[in-house]
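Please open the model in the viewer and display side chains as sticks. The tour below proceeds by selection.

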Amino acid sequence: MMNCKEAIRLMSEEMDRDLAGSDRFALRLHKLICVGCRNYHKQLTFLRQACQQPLAADDITPPPPI
Ligand SMILES: [Zn+2]
């Protein structure tokens, strides 16, 4: 069985490239039984989406005039 360290490594790899079928399967299995890694994956996905979202114009504070 895959350990958490391995699972976390695969999760970050998965963000950048498609995993091999066996890795993907092992990771999915690990997330089924491991709450910690399931939560970690949720956070990772959330953070990634947050980073990719373009900033709304309202959120941008113009630099103060010099
Ligand atoms: Zn785990």
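Which side chains meet in a salt bridge of 2.1 Å, N to O? Select Glu13 and Arg17: their side chains form that contact, a salt bridge being a side-chain nitrogen of Lys or Arg within 4 Å of a carboxyl oxygen of Asp or Glu. Salt bridges that share partners join Glu6, Arg9, Glu13 and Arg17 into one network.

This is a predicted model, in which local features need pLDDT of at least 70, side-chain atom pairs count only at pLDDT 80 or more, and totals for chains, interfaces and linings use all residues. Residues are numbered from 1 along each chain as its sequence is written, and side-chain values use heavy atoms, with hydrogens and water left out.

Next, add Arg9, whose side chain meets that of Glu13 in a salt bridge (2.4 Å, N to O). Glu13 is buried at 19% relative accessible area, whereas Arg9 is partly exposed at 41% (buried: under 20%; exposed: over 50%; partly exposed: in between; 1.4 Å probe, protein chains only).

Now select the zinc ion. Its protein donors (N, O and S atoms within 2.8 Å of the metal, or 3.2 Å for Na, K and Ca; water is not among the atoms, so sites may look incomplete) are Cys4 (SG), His30 (NE2), Cys34 (SG) and Cys37 (SG), lying 2.0 to 2.4 Å from the ion. Cys4 lies in helix H1 (residues 4-16) and His30 in helix H2, so the pair ties together parts that are 26 residues apart in sequence; helices are DSSP runs (H or I, at least four residues), numbered from the N terminus. Finally, compare these two donors: His30 is buried, at 3% relative accessible area, and Cys4 is partly exposed, at 37%.

Key. Helix = DSSP H or I, 4+ residues; strand = E, 2+ residues; numbered from the N terminus.
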